[in-house]
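This report looks at a few residues in turn, with their places in the fold and their neighbours. The sequence and the structure come first.

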Amino acid sequence: MLQLSFPQAMANADTVMASADLPAAPDEVIAALVTREVERWWGSPETYRMIGWNADLRVGGSWSVVVKTADGRRLHASGEFLEVEVPRRIVQTRRYDWDHPALGRKETTVAYLLEPIGGGTRLIICHGGFAGLPDATTEHADGWARVLGWLQQYLEANP
C-alpha cells in the first residue's frame, strides 16, 4: 500500500514546482486532471469550485473552465494543450480571462509529469511564466499545494 505524504510546493522567481504521491494509476490521475472529473474534486465550498469544464485533449486543442467562487462570482480560465503524452505528460497554457489580482491575464504554462510508483503515481507539476511577478508565484505555490491535497483526498476516497 502506498504511504502518502503531504503534497509539497515551492517557488523561485518565475516557476512553481509541486508534487504529490497519489493512490491511483497514471491514467486515472490524468483523467482527474483533464476531464470533467475536475468538477468532482477541484475546489471547496470555502474557496471555489471548477464548473463547466470543457477540453479537446490533443496538441493544439483548447480547454476552458469556470471558477465559481465562494461568493458566487464566475471567473473564466482557458488555455491550449501544447504536449499530450498520456499517461506520462501533459503541457498546457493557462490564462485567466479576468484580471487576477497578482497575475492579471498573463498566460502561463503548466506541465503535469506523471511517474508510476509502487501503489500509485507521483505527480509533479511545473508551472512557469511568472517572471517579474513574485506575489503571483507565491500565491500559485500555495494554491498548488492546496489543489494537490484535494486531489489526494479525492483519489483516496474514490479508489
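In this predicted model, Thr93 lies in strand 6, which covers residues 89–96. Thr93 has a relative accessible area of 7%, and because buried means under 20%, Thr93 counts as buried. Its side chain reaches the backbone nitrogen of Glu80 at 2.8 Å, and when neighbours within four places in sequence are left aside, the residues in contact with Thr93 include Trp63, Ser78, Gly79, Leu82 and Thr108.

Thr108 also appears beside a second residue, His127, which is found in strand 8 (residues 120–128). His127 is buried, at 0% relative accessibility, and its side chain makes polar contacts with the side chains of Thr108 and Trp144. The table sets out the polar contacts described so far.

| Side chain of | Partner | Distance |
|---|---|---|
| Thr93 | Glu80, backbone nitrogen | 2.8 Å |
| His127 | Thr108, side chain | 2.7 Å |
| His127 | Trp144, side chain | 2.8 Å |

Beyond its neighbours within four places in sequence, His127 is in contact with further residues, among them Asp14, Thr15, Val16, Arg94 and His140.

Trp144 leads on to the largest nonpolar core, which has 42 residues and in which Trp41, Trp42, Tyr112, Leu123, Trp144 and Leu151 have the most contacts. Helix 3, spanning residues 134–157, supplies the largest share of this core, with 9 residues. In soluble globular proteins, nonpolar side chains tend to be buried together. For Trp41, the contacts outside four places in sequence are with Ala32, Leu33, Arg49, Val147, Trp150, Leu151 and Tyr154.

Methods: Residues are numbered from 1 along each chain as its sequence is written. This is a predicted model: local features need pLDDT of at least 70, side-chain atom pairs count only at pLDDT 80 or more; totals for chains, interfaces and linings use all residues. Side-chain values use heavy atoms; hydrogens and water are left out. Helices (H or I, at least four residues) and strands (E, at least two) are DSSP runs, numbered from the N terminus. Buried means under 20% relative accessible area, exposed over 50%, partly exposed in between (1.4 Å probe, protein chains only). A polar contact is a pair of N or O atoms within 3.5 Å; within protein, one must be able to donate a hydrogen and the other to accept it, and residues adjacent in sequence count only if both atoms are side-chain atoms. Contact means heavy atoms within 4.5 Å. A nonpolar core is a set of buried Ala, Val, Leu, Ile, Met, Phe, Trp, Tyr and Cys residues joined through side-chain atoms within 4.5 Å.
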